[in-house]
Amino acid sequence: MLNQFSRTQLLFGEEAMEKLRNSRVAVFGVGGVGGYTVEALVRSGVGTIDIVDDDKVCLTNINRQIIALRSTVGKYKVDVAEERIKDINPDCTVYKHRMFYVPETREQFDFSQYDYVVDAIDTVSGKIELVMQAKEAGVPIISSMGAGNKIDPTAFKVADIYKTSVCPLAKVMRYELRKRGVKHLKVVYSEEPPIKPADDMSPSCREHCICPPGTQRKCTQRRAIPGSTAFVPSVVGLIIAGEVVKDLIGFKR
């Protein structure tokens with residue numbers, strides 16, 4: 001029967017589409033990377049999505065985040081993402097978690113419910129905790145390494161964390177995971193050396209913060225505000241979505 005996933009079914013088949021429809025994927029972080037991951041997963045037919053983020057859409061997100069529009073500035077990202085998901089596929093079940101994932105909030109998630117976990121957050125402590133919880137639950141996980149301060153979308157690769165190079169975040173993750181006895185982790189990383197952002201306060205939210213009152217985690221609280229583009233985080237997010245979909249259906253060429 002003709003439906004919105006018919007073109008995908010021509011490649012993967014009816015049984016695969018049923019697997020996707022019955023799958024539940026948790027995406028931690030729905031910003032530049034995670035937003036595009038959610039977009040592609042929903043358009044691929046994944047039937048249940050958990051979206052986890054505590055941020056509101058900021059004016060400076062518009063250059064790279066698919067949920068960031070003039071009309072969505074100031075709204076919670078998970079609320080905007082849910083509305084977009086339902087507009088793409090009304091039958092998709094959405095679980096919103098308007099919070100930031102850190103070791104202290106891990107007890108609020110039951111990883112055994114998920115068929116796949118996507119790590120698209122940007123703190124090392126949170127990323128490590130996600131990996132440990134997913135591994136303990138026996139759930140596959142894929143992690144995004146550094147996407148900020150990069151301009152070459154062709155430099156990204158899918159690899160095991162212990163086969164990565166160049167990426168500073170991947171280096172830290174390798175060290176921390178080795179200490180914890182984690183032997184494998186699928187990641188998307190770049191072999192492009194990071195570019196140092198311009199030391200220019202005129203376009204920086206460090207001095208011109210426009211976050212709405214009450215925003216808990218402002219960009220101004222970061223040690224460094226990375227530069228980014230429209231064509232790097234999006235590519236990372238889509239690569240991740242592709243890996244998740246192929247793993248869920250067991251696709252092999």
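What is the volume of the second largest pocket? The second largest pocket has a volume of about 340 Å³. The model is predicted. This briefing covers that pocket, the largest cavity, and the packing of helices H2, H3, H4 and H7.

**Second largest pocket**

- The lining of the second largest pocket consists of 16 residues.
- Nearest the centre of this pocket lie Asn-3, Phe-5, Met-17, Arg-21 and Asp-91.
- Helix H2, which spans residues 14-21, contributes four residues and gives the most to the lining of the second largest pocket.
- By class, the lining of the second largest pocket has six nonpolar, six polar and four charged residues.

**H2 against H7**

- The axes of H2 and H7 approach within 9 Å and cross at roughly 110 degrees.
- Angles of 65 to 115 degrees count as roughly perpendicular, so H2 and H7 are roughly perpendicular to each other.
- The crossing of H2 past H7 is right-handed.
- On the H2 side the residues are Ala-16, Lys-19 and Leu-20, and they meet Val-245, Leu-248 and Ile-249 in H7.
- Five residues of the contact of H2 with H7 are nonpolar, none is polar and one is charged.

**H3 against H7**

- Helix H3 covers residues 34-44 and helix H7 covers residues 233-249.
- The axes of H3 and H7 come within 7 Å of each other, with a crossing angle of roughly 40 degrees.
- Because of that angle, H3 is oblique to H7.
- H3 passes H7 in a right-handed sense.
- From H3, the contact uses Tyr-36, Thr-37, Ala-40, Leu-41 and Ser-44.
- From H7, the contact uses Ser-234, Gly-237, Leu-238, Ile-240, Ala-241, Val-244 and Val-245.
- The contact of H3 with H7 comprises eight nonpolar residues, four polar residues and no charged ones.
- Val-245 of H7 takes part in the contact with H3 and also in the contact with H2.

**H3 against H4**

- Helix H4 runs over residues 77-88, and its axis comes within 10 Å of the axis of H3.
- The two axes, those of H3 and H4, cross at roughly 25 degrees.
- Angles under 35 degrees count as roughly parallel, which means that H3 is roughly parallel to H4.
- H3 and H4 make a right-handed crossing.
- Val-38, Glu-39, Val-42 and Arg-43 of H3 make the contact with Arg-84, Ile-85 and Ile-88 of H4.
- The contact of H3 with H4 divides into four nonpolar, no polar and three charged residues.

**Largest cavity**

- How many cavities of 30 Å³ or more does the structure hold? The structure holds one.
- The largest cavity contains about 60 Å³ of space.
- Its lining is formed by Val-30, Gly-35, Val-38, Glu-39, Ile-66, Ile-67, Ala-81, Arg-84 and Ile-85.
- At least two residues of this lining come from H3, and at least two come from H4.
- Val-38 and Glu-39 of H3 line the largest cavity and also belong to the contact of H3 with H4.
- Arg-84 and Ile-85 of H4 likewise line the largest cavity and belong to the contact of H3 with H4.
- The lining of the largest cavity has six nonpolar residues, one polar residue and two charged residues.

Definitions and conventions:
Residues numbered from 1 in each chain as written. Predicted model: local features only at pLDDT ≥ 70, side-chain atom pairs only at ≥ 80, totals over all residues. Heavy atoms only, no water. Axes fitted to C-alpha atoms, helices over the stretch in contact; angles between N-to-C directions. Parallel < 35°, antiparallel > 145°, perpendicular 65-115°, else oblique. Left-handed = near helix turned anticlockwise from the far one by under 90°. Contact = heavy atoms within 4.5 Å. Nonpolar A, V, L, I, M, F, W, Y, C, P; charged D, E, K, R; others polar. 1 Å grid on protein atoms, 1.4 Å probe; cavity = no way out; pocket = protein on both sides within 12 Å on 5 of 7 lines; lining within 4 Å. Points joined across faces, edges and corners; volume = space filled by probe spheres on them.
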